[in-house]
Structure formats: structure tokens, C-alpha cells
Amino acid sequence: MNTSFEPGTKGETGALSGGLPADGIRARFRVDYAGFALDVDLTLPGHGVTALFGHSGSGKTTLLRCVAGLERAVEARLEINGELWQDSAAGVFLPTHRRALGYVFQEASLFPHLSVRRNLEYGMKRVDAASRQVSWERVLELLGIGHLLERLPGRLSGGERQRVGIARALLTSPRLLLMDEPLAALDLKRKNEILPYLERLHDELDIPMLFVSHLPDEVSRLADHVVLLDQGRVTAQGSLQDIMARLDLPTAFHEDAGVVIESVVAEHDDHYHLTRLEFPGGAVLVARRPEAPGLRLRLRVHARDVSLANSRIEDSSITNVLPATVREVVEADTPAHVLIRLEAEGTPLIACITRRSCDQLGIAPGRRMWAQIKAVALLG
Ligand SMILES: Nc1ncnc2c1ncn2[C@@H]1O[C@H](COP(=O)(O)OP(=O)(O)OP(=O)(O)O)[C@@H](O)[C@H]1O
């Protein structure tokens, strides 16, 4: 790992903050390897989770390493919520150990001979008590690891190890959390076990996160903002809802393609054990939820679960039917299918149907149709 200073830096300067906007992440990096170049110039929200999404080799890890000060960039400038961490033009380079960041990798690299407690204390030593942002108790509670403190890492499951790794990163009181596919090494069961903890971090801590993933479902669950990378360049960025609803992006051609809808719990039907979730443009019924009316819930509607009809079909078992207008029709990645973007009063939907059905129903932009939603995934 390269942690040396860039040529011409002024050494271990503290983060500079004079005159910079207090909110937002600005990251300009150019890295030239033989056979690969990263060239990005990003302005990102200073809060919430930003997902870096792209194929293998698109440069996601390289970008995270740049942010961490671990890459030798030809050109670089990095501001984190009002602090300047790097500016190659001005000779500013804050070395990795002076950047207030937590870095979570695919597999937590815990010291095998130290208990979980000692591993966590090791991370804490770097931070003086006055600048601590999240308390020891709070971190243990957020990640549900209080009962694991005396164990050695070798006696933890993969998911528990990862939770300890995240806890250790949080205990360094980061102003930015970098997560490089933290779930990739876990099987589905462990992944589902750890996702709620990541959601809690997102909901309850005000630490911005850059989260690398190549799975739309994972991104849909955790991200607020998405950056798409391809061959070292940013091909698109925007809010999760906007990016997931675009048909000109590779996310639409993924087998998990679908939109994300922010809904509110409207009411419960205790007779049929159903809950009604409302959003601009409509509502859906889902199996009874524990959340009280008024709470927000994120929904994921996969393109493969949306079918279309020219009129409202009454004698169907599909409960969730919304009026929507066709906005765009594009070819899917198989010649048999098309992707259709619809809008239900501002809420986007994507349907994946056969080209044959598209022709038979005469589907074209502007047409009012009924979108039948066969399944809704609730996120969180
Ligand atoms: N130190 C290096 N020297 C030369 N090439 C490198 C170096 N590090 C990464 N690369 C190349 O840069 C490209 C981007 O790699 P990177 O790991 O950033 O991609 P990624 O999007 O994170 O991929 P993955 O999802 O597989 O982790 C790859 O082609 C990789 O081989």
C-alpha cells in the first residue's frame, strides 16, 4: 500500500477548512495506470449513502483508495464537508492516517490474537475523547456486538466479523465512511443478517458513506445517491430513484432492474392482514407490516414484476394496479423483451414485457395504461 506523500506536498498538514462550502463532497481524481485510467470530477451530497456502482474493473476501488489517500493521483482535489484533504495544485496532501475516515473492506482484517474488545479499543486509541462522534456503547448497540466482546475473531461468523470491522471503523470517529463491497464475501443468509445493521447506520448516524457495490438490490436498499462508473469515468450520477428509473443506463438491463419508491404507511387492514402504503401517484397493499401509520418505507418494484394492460382488469388476483402513462420504450437485452418506463403521477415504474405483447397492445409513449404489480419488495 502506498501511503507516501505526493511529490511537492507540504507534509502532514492538518485538514484545511478556510473558505470551503461546509456541506458536500468534492472529489477530482486522475490516476494513470498502464491499461487503465481513472478520471472523475464529482460533487456529492455530504450526508447519507452514495453508492459507487459499476462492473468489475470500472474503477470503484481505485476511487475509494484515492479518497483514502492510498493512490498516487496525477491530479487530485478532495474536499469533505468543508475540509480540504488534498489539492495537488496547491501541494496539499493529508496522509491516510490523518484523514478522519473509516475504511471497511470485503473482509474485516481483525487482529486474530486479540479479543473483539481489544480489536475495537485499538481503533479507538487514534481518537481523543473530545472529538469522539459516536460513543462506545452506541456503536456496540448499533451493530449488536455487545455479547461478542470477549471472543477471538476466529470464533466469529463472517457476518459478525464484518459487524466488528464496521464497529472498529466507526470508533475512529470518521467524518467519512468508505465501504468496499462489505457484503461481497458473505453468503445470502449472512448478507440479509447484516443489511439491517447497515440500514441503521444510514438512518441513525450522520456520517456520509461511500459504498461500493455492483448489485442493484443492495444499492436500492442502502443508497440515497448513486454514481455509475464505467472504465474509470462517471457515466451518470443522481438520486437513487432517478438513476434506477433510467432506461439508458446499465442498471436497467440488470436482471434485478426496477424502481425504488419512497412510500408512507397509510393504514393497516387487520382482517386481511394487509398494510396500505401510499406514494405520489398511488398506493399498494402488502402483507401486514409492523410499522405505525405515518412511517416511511422504501419499496422496490422489479421490472419483471410489472405487467401492463390497456384497461383495468377486474377479475384478476393482482391487487396492486396503478394507472400510469408510458414515457419510453426501449429494447431490452434480449430480442424477445422490451423495457417500458411509465409514470404514475410522478412515481416512475419500469416494466419488462415481451416485444410481442408490446406490439399487440400498441404500447407507445403517451399511452395511458394500467400497471399491474405482481410483487413488491420492501426494503428495510
Ligand atoms: N496498482 C495498479 N496498477 C495497475 N492497474 C491497476 C492497479 N490497481 C487497479 N488497477 C486496474 O484498474 C482497473 C480498475 O480496478 P478497480 O479495482 O478500481 O475496479 P473495481 O471497479 O473496484 O473492480 P471490482 O468490482 O472487481 O473490485 C482494473 O483494470 C485494475 O486491473
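## Exercises on a two-domain chain

The C-alpha centres of domain 1 and domain 2 lie 33 Å apart. The model behind these exercises is predicted.

**Exercise 1.** State which residues each domain spans, and describe the side of domain 1 that touches domain 2.

*Solution.* Start with the bounds: the domain assignment gives domain 1 as 25–248 and domain 2 as 258–379. Next, take the contacts: seven residues of domain 1 are in contact with eleven residues of domain 2. Then look at the helices on the domain 1 side, where helix 6 (216–222) and helix 7 (240–244) each supply at least two residues. Helix 7 gives the most, with three residues. Finally, sort this side of domain 1 by residue type: four are nonpolar, two polar and one charged.

**Exercise 2.** Which residues of the largest nonpolar core touch the most other members, and why does the core lie between the domains?

*Solution.* The core holds 97 residues, and those touching the most other members are Ala167, Leu178, Ile350, Ala351 and Ala371. Both domain 1 (25–248) and domain 2 (258–379) give residues to this core, so it lies between them. As background, nonpolar side chains in soluble globular proteins tend to be buried together. Now take Ile350 as one case and set aside its neighbours within four places in sequence. The contacts of Ile350 that remain are Ala245, Ala252, Ala257, Gly258, Val259, Ala303, Val306, Leu339, Ile340 and Arg341.

**Exercise 3.** Find the strands that are joined to strand 17 by six bridges, and name a bridge partner in each.

*Solution.* Strand 17 covers residues 320–331, and six bridges join it to strand 20 (residues 368–373). The two run antiparallel. Within this pair, Ala324 has Met369 of strand 20 as its bridge partner. Six bridges also join strand 17 to strand 18 (residues 337–344), again antiparallel. Here Val329 is matched with Ile340 of strand 18. Strands 17 and 18 form a hairpin, with five residues between them. Ile340 has already appeared in Exercise 2, among the contacts of Ile350.

**Exercise 4.** What is the strand order of the open sheet of five strands, and which strands stand at its edges?

*Solution.* The order is 2-1-4-5-6, with antiparallel pairing. Strand 2 (36–44) and strand 6 (92–93) stand at the edges; each has a single partner strand, so one side of each is left without a neighbour in the sheet. For a pair inside this order, take strand 1 (residues 25–33) and strand 4 (residues 75–80), which six bridges join. In that pair, Arg26 has Glu79 of strand 4 as its bridge partner.

**Exercise 5.** List the residues around the ligand and sort them by type.

*Solution.* The list is Tyr33, Phe36, Gly54, Ser56, Gly57, Ser58, Gly59, Lys60, Thr61, Thr62 and His214. By type, two are nonpolar, eight polar and one charged. By element, helix 1 (residues 60–67) supplies the largest share of this shell, three residues.

**Exercise 6.** Is Glu204 buried or exposed, and how far apart in space are Glu204 and Gly57?

*Solution.* First locate the residue: Glu204 lies in helix 5 (residues 188–204). Then apply the cut-off, under which a residue with 12 or fewer other C-beta atoms within 10 Å is exposed. Glu204 has 12 C-beta neighbours inside 10 Å, and therefore counts as exposed. Gly57 belongs to the residues around the ligand. From C-alpha to C-alpha, Glu204 and Gly57 are 32 Å apart, and 147 residues separate them in sequence.

Terms used:
Residues numbered from 1 in each chain as written. Predicted model: local features only at pLDDT ≥ 70, side-chain atom pairs only at ≥ 80, totals over all residues. Pairing = 2+ DSSP bridges. Helix = DSSP H or I, 4+ residues; strand = E, 2+ residues; numbered from the N terminus. Core = buried A, V, L, I, M, F, W, Y, C linked by C-beta atoms within 7 Å. Buried ≥ 20, exposed ≤ 12 C-beta atoms within 10 Å, placed from the backbone. Domains from an automatic or database assignment. Contact = placed C-beta atoms within 7 Å. Near = placed C-beta within 6 Å. Nonpolar A, V, L, I, M, F, W, Y, C, P; charged D, E, K, R; others polar.
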